Amino acid sequence: MTTTSSATVATRSLRPRRRSGRWTGWAFVGPFMLVFALVFLAPVVYAVYLSLFQNQMVGGNKFVGGANYIQALTDPQFWDAVRRVGLFLVVQVPIMLCVALAAALAIDSSRLRFSSFFRISIFLPYAVPAVVATLMWGFIYGPRFGLVGNLNEFLGWSIPDPLSSSWILVAIGNITTWEFTGYNMLIFYAALKTIPSDLYEAASLDGAGALSVIRNIKIPSIRGAIGIATIFSVIGSFQLFNEPNILKALAPNSISSYFTPNMYAYNLSFAGQQFNYAAAIAMIMGLLTMIVAYIVQLSGSRKDA
């Protein structure tokens with residue numbers, strides 16, 4: 001009887017501790033959940049709410065269901081912006097990631113002198129704000145007052161105008177590559193540093209060369225980091241806004257108000273006062289970004305398997 005009663009008392013004493021432990025966990029997670037709800041969930045819910053209404057001159061704000069979404073899906077300007085961003089993604093992201101991977105492999109190798117200097121130099125453009133970087137490159141691109149114009153004038157060259165309609169997307173791709181190559185390089189370089197040295201020793205005993213080590217050890221070992229960098233780059237491409245929006249003042253004939261989906265939604269809401277339609281476009285782009293990012297992640301996981 002004494003043993004049974006003592007066990008019962010011990011069980012009762014443990015229950016409050018378990019309950020307090022549960023509340024302790026929520027105390028740590030609670031501030032994050034509150035901030036997450038305020039800065040992410042609440043704006044998304046409000047955007048969904050706006051997308052289901054239309055502000056009409058007669059009758060005020062009226063519920064229209066999916067009318068804004070149907071209008072967006074049949075809007076040629078919206079799909080023109082989506083195609084332009086898709087082309088930008090397909091061309092710019094692989095180039096940027098290949099350059100970042102090559103830089104990370106070069107810095108990780110023991111053959112490169114002053115590797116710390118090169119690592120900082122490549123990463124430094126990422127520390128420059130996007131607005132400052134775009135303005136700087138915009139003045140470099142200037143055919144009358146910039147570096148391109150000066151080279152054409154002094155050397156007699158005929159460099160194409162980077163701010164023309166034929167080259168503006170390439171010019172923007174160059175800016176974003178200059179900005180974010182260092183960021184992706186740092187991701188790859190950090191992943192390379194986690195590779196066990198035993199693999200390199202085994203490869204050297206087998207007589208593997210530098211290219212064989214890169215192809216069979218380094219790249220397969222950082223495939224997860226490459227997938228993460230690819231997903232981030234895909235999301236960033238769909239969010240393209242700062243660079244074309246700032247360059248629009250320098251190239252008004254090359255960059256329209258619907259050059260990218262984000263610019264289209266921005267101009268619709270703040271210039272056209274079409275908040276409901278802009279919210280519908282934003283929701284469609286968010287869903288499209290999630291689908292493409294999931295496809296990229298799924299393809300990467302299949303390769304790992």
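Here are three short exercises, with worked solutions, on the predicted model shown above.

**Exercise 1. Find where Leu-38 sits, decide whether Leu-38 is buried or exposed, and name the surface patch around this residue.**

Solution.
- Start with the position: Leu-38 belongs to helix α1, which covers residues 2–51.
- Next, take the relative accessibility of Leu-38, which is 57%. Exposed means over 50%, so Leu-38 counts as exposed.
- Now look at the patch: Leu-38 joins Leu-34, Val-35, Val-39, Phe-40, Leu-41, Val-44 and Val-48 in a nonpolar patch on the surface. Together these residues have about 700 Å² of accessible area.

**Exercise 2. Describe how helices α3 and α10 pack.**

Solution.
- Two values are needed, because packed helices are described by the angle between their axes and the distance between the axes.
- For α3 (residues 76–108) and α10 (residues 223–238), the angle is about 145 degrees and the axes are 10 Å apart.
- Add the handedness: α3 and α10 cross in a right-handed way.
- Finish with the contact residues: α3 contributes Val-85, Phe-88, Leu-89, Gln-92, Val-93, Met-96, Leu-97 and Leu-101. From α10 come Ile-226, Ala-229, Thr-230, Ser-233, Val-234, Ser-237 and Phe-238.

**Exercise 3. Place Val-64 and work out its surroundings.**

Solution.
- Find the loop between β2 (60–63) and α2 (67–73); Val-64 lies there.
- Check the relative accessible area of Val-64: at 23%, this residue is partly exposed.
- Leaving out residues up to four places away in sequence, Val-64 touches Leu-52, Phe-53 and Gln-54.
- Lastly, take the pair Val-64 and Gln-54: they are ten residues apart along the chain, and their C-alpha atoms are 6.5 Å apart.

Technical notes:
Residues numbered from 1 in each chain as written. Predicted model: local features only at pLDDT ≥ 70, side-chain atom pairs only at ≥ 80, totals over all residues. Heavy atoms only, no water. Patch = residues over 30% accessible without salt bridge, like charges linked within 9 Å, V, L, I, M, F, W, Y side chains within 5 Å. Areas by Shrake-Rupley, 256 points an atom, 1.4 Å probe, with all protein chains shown as cover. Salt bridge = Lys/Arg side-chain N within 4 Å of Asp/Glu carboxyl O. Helix = DSSP H or I, 4+ residues; strand = E, 2+ residues; numbered from the N terminus. Buried < 20%, exposed > 50% of the residue type's maximum accessible area, 1.4 Å probe, protein only. Axes fitted to C-alpha atoms, helices over the stretch in contact; angles between N-to-C directions. Left-handed = near helix turned anticlockwise from the far one by under 90°. Contact = heavy atoms within 4.5 Å.
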